Amino acid sequence: MRKSQPTQLQAIAKDAVAWFAKYRRDLPWRNTRDPYRIWISECMLQQTQVATVIPYYERFLIRFPDIQSLAAANLDEVYQLWAGLGYYRRARQLHAAARSVVESGQSPFPLDRDAIAQLPGIGRYTANAVASFAYDQRCGIVEANTQRLYARLLRCKTPLSASSSQKQLWDFAEAIAIAWPLATGQLNQALMEIGSQVCKPKSPSCDQCPLQKHCLAYQHSETETIPAPKLKKQITELQEVGLLVHDSKGRWLLRRRLNSERWAGLWDFPRYDCTDIQNEGLALDRAADAFLKLYSKRPAIAQECVSVKHSVTRYRILLRCYLAQIDGKLTIGNTQGPSQEQLGWYTSEELDQLALSSSARKVADWLKKHQP
Ligand code: SF4
């Protein structure tokens, strides 16, 4: 599509904002201009549904009403309030960004898009969303809902992930934010809401769409074929052995995952990759050897008790867990060995309070229910 003219963009913005004034959902983060609260909501809403986020958002803000309280908190407490939302990396980055704001003297919050974009874990979308919703700074937004909407308005036929598509969509987003002379925050929220509530991925509600007359995909009967389907990810299957090591008091051994690993900072049962081994006995030997190398104790591995399937990015992981025991004491706390890990013994009840990886949470729930 040719570049949209400012008058065309203003007409789209006007229709979007008028629709939003009438049909917008009343969401808790829409009743504030506080950049901190908007930022928290944006972090929680990444990859998570609105209905799921609302109670988490409210609880989080009761405990951490401002950026200073979040910066002063222990990361474990942040994880606890995040538990159930998944994607703990977001919680870790939120905490790191809060500390960075307070330490650099920018509290209560950085004052413009460029300063917000410097914070850890904040990408172009989040920086622009906070700057426009809180400060009405003239910057555009592109996220899952708006990119689908813009692609249809513009009749963008290349896959959304293609850099040419992203450039076209961002150019459009920035151009409409500049062309609209009134509140940018309202405009951006209106576009997101239309993308989410009207221009749905399948069977968009074109008959109720305030932007129908501007939509090139609609005019060309291409609303079902735009955006182009995503390219299929190449899936890699992995197999891991998990060791559920218990002591005589019925407590379970957990380790804190290292910063260099996935799910950094979360607690997990010791687990070892055995993808290349088909034989179960050999896989268990590898797990026992790896445990011995890290903690100087060789575990006696008993029967398999639970297996968990889970996916992360392009990996599909089968985690097979075995009960295990060790003789003598294990150094708990920060180990001095090659792993430099934090280890701890926890009862099934105490596991409820711990920030666990999602697969470890499934195992912990199984342990609590079955008490093996
Ligand atoms: S007319 Fe249909 S496809 Fe076009 S923007 Fe509206 S809902 Fe989306």
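Visitor: Which elements do the buried residues of helix 15 pack against?

Guide: A good place to start, and please keep in mind that this is a predicted model. The general idea first: an α-helix has 3.6 residues a turn, so residues three or four places apart point the same way. In this structure, the buried residues of helix 15 are S359, A360, R361, V363, A364 and L367. They pack against strand 1, strand 2 (252-256), strand 3 (267-268), strand 5 (300-312), strand 6 and helix 14 (348-351).

Visitor: How many residues does helix 15 have, and what follows it?

Guide: Helix 15 covers residues 358-370, which makes 13 residues. From first C-alpha to last it reaches 19 Å, close to the 18 Å expected at 1.5 Å a residue. Just after helix 15 comes Q371, with a positive phi near 40°.

Visitor: Now the sheet, please. In what order do its four strands stand?

Guide: Generally, strands of a sheet pair through backbone hydrogen bonds, either parallel or antiparallel. Here the four strands form an open sheet, in the order 4-1-6-5, with mixed pairing. Strand 4 and strand 5 are the edge strands, each pairing on one side only. On average, and ignoring direction, neighbouring strands of this sheet are turned by 25° against each other.

Visitor: Which strands does strand 1 pair with, and is each pairing parallel or antiparallel?

Guide: Strand 1 (residues 236-245) runs parallel to strand 6 (residues 315-325), and ten bridges join the two. You can find V241 opposite R320 in strand 6. With strand 4 (residues 271-273), strand 1 pairs in the antiparallel sense over three bridges. On that side, E240 stands opposite D273, and G242 stands opposite R271.

Visitor: Which strands do helix 13 and helix 15 lie across?

Guide: Helix 13 (residues 280-295) lies across strand 1, strand 4, strand 5 and strand 6, and runs at about 60° to strand 1. Helix 15 lies across strand 1, strand 5 and strand 6, at about 135° to strand 5.

Visitor: Let us turn to helix 3. Which of its residues are buried, and what covers them?

Guide: The same helical rule helps: residues three or four places apart point the same way. The buried residues of helix 3 are V53, Y57, F60 and L61. Their cover includes helix 2 (35-45) and helix 5 (75-82). Helix 3 itself spans residues 50-63, and its 14 residues reach 20 Å from the first C-alpha to the last, close to the 20 Å expected at 1.5 Å a residue.

Visitor: And the ligand: which residues come nearest?

Guide: There are 15 residues around the ligand, and C199, P204, C206, C209 and C215 come nearest. Helix 9 (144-154) and helix 12 (216-219) are the elements that give two or more residues to this shell. The largest share, three residues, comes from helix 9.

Visitor: How many residues of the shell are nonpolar, polar or charged?

Guide: Eleven are nonpolar, three are polar and one is charged.

Visitor: To finish, how many helices and strands are there in the protein?

Guide: The protein has 15 helices and eight strands. Its C-alpha atoms fill a box of roughly 75 × 45 × 35 Å along the principal axes. Of the 372 residues, 36% are buried. Among contacts with a separation of 6 or more, 64% join residues 24 or more positions apart.

Conventions
Residues numbered from 1 in each chain as written. Predicted model: local features only at pLDDT ≥ 70, side-chain atom pairs only at ≥ 80, totals over all residues. Near = placed C-beta within 6 Å. Nonpolar A, V, L, I, M, F, W, Y, C, P; charged D, E, K, R; others polar. Pairing = 2+ DSSP bridges. Expected span 1.5 Å × (residues − 1). Buried ≥ 20, exposed ≤ 12 C-beta atoms within 10 Å, placed from the backbone. Contact = placed C-beta atoms within 7 Å. Axes fitted to C-alpha atoms, helices over the stretch in contact; angles between N-to-C directions.
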